[in-house]
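Me: I am new to reading structures. Please pick one part of this one and take a close look at it. Then lead me on to what lies around it.

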Amino acid sequence: MRLEIKNLSVYYGKIEALKGISLVVNQGEIVTLIGANGAGKTTTLKTISGLRPVTSGEIVFDGVNINQIPAYERADLGISQAPEGRGIFPGMTVLENLEMGKYNRKTRKAEMSEDLARVYELFPRLKERATQAGGTLSGGEQQMLAIGRALMARPKVLLLDEPSMGLAPMMIQNIFNIITEINNQGVTILLVEQNAQQALSRAHRAYVLEIGKITKEAKAKDLLNDPHVKSAYLGTGAHEIF
Amino acid sequence: MDFELLFSEFPSLTFDGIALGAIYALISLGYTLVYGVLRLINFAHSEVFMIGTFAALLASSDIMGINIEDEPISGAKLILTIIVCLVVAMLTSGIVAVLVELVAYRRLRNRGASKLATLISAIGVSITLVEAFRIMTDSLPREFPRFFEKSFIADIFGAQIRNDKLLVIFAAGVMMFVLDQFISKTRIGKGIRAVSQDEQTSVLMGININKVVTVTFLMGGLMAGAAAFFYVLVYENTSFRVGFFLGISAFTAAVLGGIGNIRGALVGGFALGLLEVYGSVLLGTAWKHVIAFTILVLVLLLKPTGLLGESIQQARV
Ligand SMILES: Nc1ncnc2c1ncn2[C@@H]1O[C@H](COP(=O)(O)OP(=O)(O)O)[C@@H](O)[C@H]1O
Ligand SMILES: [Mg+2]
């Protein structure tokens with residue numbers, strides 16, 4: 001598995017949300033993309049998943065340019081996403097939500113029980129709530145469901161859009177522990193976060209995105225000590241600058 | 001206000017209201033399903049129903065060879081005739097609904113046109129179809145042959161049960177049950193629900209929206225076609241403008257139940273059927289259509305979420 005983005009530009013109407021960004025995610029890594037609100041993180045993930053059209057540049061997945069592959073075929077290629085805001089189907093049960101993660105797989109019947117068991121092992125809470133409607137779960141449970149559902153597709157790369165957003169500190173710890181565990185099981189992860197402290201301490205490599213441009217690329221551990229990153233994303237100063 | 005008649009005939013009126021409500025409910029499913037996936041009021045849906053009535057008529061005369069003057073039929077031929085007319089009406093309406101979506105909505109949608117543009121396109125399709133049928137039928141209503149002798153076959157709690165209406169209630173109930181199972185149990189049915197609840201996430205799951213939309217229009221059309229056959233079976237006539245009032249009533253039923261909500265459409269359909277029948281007795285049949293319009297306005301003003309569903313004001317038309 002290798003996901004490579006080359007010189008990607010994406011527009012909303014006349015607004016250029018991504019201004020020619022490039023990044024690479026290699027097999028087995030956790031790569032994090034950090035940046036303030038409005039930097040273009042969600043746009044990046046949406047474009048990788050095919051929800052936003054590419055204006056220029058390339059998305060290369062396993063050596064193939066996938067710019068023209070429709071969004072609904074990308075899950076089956078191996079690109080899964082737990083979107084910003086979690087995207088739970090509120091009127092479906094937890095089990096139905098998980099089953100939706102396999103919607104487009106030809107092998108879904110054969111894999112279903114095995115993959116459900118794997119997700120339930122990661123998230124025992126989901127098993128307890130299996131017959132409950134997705135809309136009735138707490139924020140943390142919904143995030144678990146969003147991640148679990150993305151795993152149902154057996155992704156080669158898992159895209160996570162601010163999994164810690166809106167969660168209590170205990171739950172944030174819990175979610176990041178699980179992200180690390182999923183990665184230890186061999187799933188490659190592209191993690192978008194505003195919680196830079198957590199993201200940088202979990203990831204292997206990191207990119208900093210500022211107003212549609214990548215301004216830094218480094219080992220995650222190194223960025224934890226970077227003066228600019230420290231003042232902009234890690235300290236209390238974050239509020240004053242962004 | 002004839003309350004005496006309402007009370008003395010209450011059981012029979014209730015039965016009639018349920019039969020009418022079954023027809024409304026079947027049509028309103030099409031409005032609600034399409035609204036669910038596209039957040040669009042499909043104004044051409046009334047014409048999908050109208051075309052179904054003519055398809056049933058054509059099936060009875062050209063396929064089964066039954067004319068207006070013919071004696072009632074019975075036995076196997078009757079059953080076969082009913083099935084053929086029902087299936088032809090359903091398939092025709094289903095195909096028309098799918099074509100309307102392909103021709104009038106899909107390209108607008110794929111180009112990211114505003115919901116308002118699509119709505120205007122819907123109204124345009126509706127007018128075009130009505131006018132086409134006006135020309136083809138010389139603006140005249142058409143009679144539908146009476147397949148079997150209509151008679152009161154039972155008396156339940158004082159309600160006079162007429163055989164054709166009982167058949168309609170039963171058959172409509174079966175259709176609703178099958179549709180409900182289809183939506184809640186099958187893969188593509190779950191796709192329809194998923195798109196209704198969160199379109200973007202549905203795409204991330206691997207759902208092809210265009211396919212789901214096509215199936216949604218097909219389902220709505222099949223139900224409208226069934227309603228069309230039941231309508232001509234009971235009322236024994238149709239015309240190019242039959243879709244207008246039936247459409248308004250069925251749309252009102254969908255809004256009353258909560259648009260976008262399938263069970264809401266069923267509840268709304270039966271509630272409106274009953275209200276129209278009771279109201280017609282109280283105020284006179286001339287007021288029948290006023291009742292539906294009034295309820296529509298009242299629901300929009302007082303409880304836009306309907307009984308079970310979503311606010312139409314969130315529709316962003
Ligand atoms: N649907 C949209 N229409 C117009 N502009 C948008 C839309 N979504 C995002 N944007 C703009 O694109 C930029 C990047 O947004 P986004 O990718 O959501 O940032 P982030 O996820 O980093 O907070 C912002 O300036 C935002 O205002
Ligand atoms: Mg975002």
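**From a loop to a strand**

Reply: R39(B) has 19 other C-beta atoms within 10 Å, so this residue is partly exposed. The label "buried" would take 20 or more such atoms. Keep in mind that the model is predicted. R39(B) sits in the loop between helix 2 (10–38) and helix 3 (45–63) of chain B. Its phi is near 50°. That is a positive value in a residue other than glycine.

Now step back to the whole of chain B. The chain has 12 helices and 4 strands. Its radius of gyration is 19 Å, close to the 20 Å that the globule rule gives for 317 residues, so chain B is as compact as a globular protein of that length. Along the principal axes, its C-alpha atoms fill a box of roughly 55 × 45 × 40 Å. Buried residues make up 50% of the 317 residues. Look at the contacts in chain B between residues at least 6 apart in sequence. Of these, 79% join residues at least 24 apart.

Where does chain B meet chain A? Here 14 residues of chain B are in contact with 18 residues of chain A. On the chain A side, helix 2 (74–77) and helix 3 (94–100) each supply at least two residues. By class, that side has 10 nonpolar, 6 polar and 2 charged residues.

Chain A also has a residue to set beside R39(B). Phi of R154(A) is near 50°, again a positive value in a residue other than glycine. R154(A) belongs to the loop between helix 6 (139–151) and strand 7 (157–161) of chain A. Inside 10 Å it has 19 C-beta neighbours, so R154(A) counts as partly exposed.

Follow that loop into strand 7. This strand runs parallel to strand 8 of chain A, and 5 bridges join them. Within the pair, L158(A) stands opposite I189(A) of strand 8. On to strand 8 itself, residues 188–193. Here 6 of the 6 residues are buried, so the strand is largely enclosed by the rest of the structure. Which way do they point? T188(A), L190(A) and V192(A) point one way. I189(A), L191(A) and E193(A) point the other way. This fits a general rule: in a regular strand the side chains alternate between the two faces of the sheet.

Strand 8 of chain A pairs with strand 3 (residues 30–34) too. The two run parallel, and 5 bridges join them. I34(A) of that pair stands opposite E193(A).

There is also an antiparallel sheet in chain A. It is open, with 4 strands in the order 2-1-4-5. Strand 2 and strand 5 (64–65) stand at the edges, each with a single partner strand, so one side of each has no neighbour in the sheet. Strand 1 (residues 2–12) and strand 2 pair over 9 bridges, in the antiparallel sense. One match to find is R2(A), whose bridge partner in strand 2 is N26(A). What holds such pairs together? In general, strands of a sheet pair through backbone hydrogen bonds, either parallel or antiparallel.

Helix 1 of chain A lies across strand 1, strand 2 and strand 4 (56–61). It runs at about 70° to strand 2. Both elements lead us to ligand 1. Around this ligand stand Y12(A), I15(A), A17(A), G35(A), N37(A), G38(A), A39(A), G40(A), K41(A), T42(A) and T43(A). The elements that give two or more residues to this shell are strand 2 (15–26) and helix 1 (41–49) of chain A. Helix 1 supplies the largest share, 3 residues. By class, the shell has 4 nonpolar, 6 polar and 1 charged residues.

End with one member of that shell, T42(A). Its place is in helix 1 of chain A. With 19 other C-beta atoms within 10 Å, T42(A) is partly exposed. Leaving out residues up to four places away in sequence, T42(A) touches E84(A) and D161(A). H204(A) lies 162 residues from T42(A) along the chain, and their C-alpha atoms are separated by 20 Å.

Notes: Residues are numbered from 1 along each chain as its sequence is written. Chains are lettered from A and ligands numbered from 1 in the order in which they are written. This is a predicted model: local features need pLDDT of at least 70, side-chain atom pairs count only at pLDDT 80 or more; totals for chains, interfaces and linings use all residues. A residue is near a molecule or strand if its C-beta atom, placed from the backbone, lies within 6 Å of it. Ala, Val, Leu, Ile, Met, Phe, Trp, Tyr, Cys and Pro count as nonpolar, Asp, Glu, Lys and Arg as charged, and the others, Gly among them, as polar. A residue is buried if 20 or more other C-beta atoms lie within 10 Å of its own, exposed if 12 or fewer, and partly exposed in between; C-beta atoms are placed from the backbone. Two residues are in contact if their C-beta atoms, placed from the backbone, lie within 7 Å. The radius of gyration is taken over C-alpha atoms; the globule rule is 2.2 Å times the number of residues to the power 0.38. Two strands pair if DSSP finds at least two bridges between them. Axes are lines fitted to C-alpha atoms, for helices over the stretch in contact, and angles run from 0 to 180 degrees between N-to-C directions.
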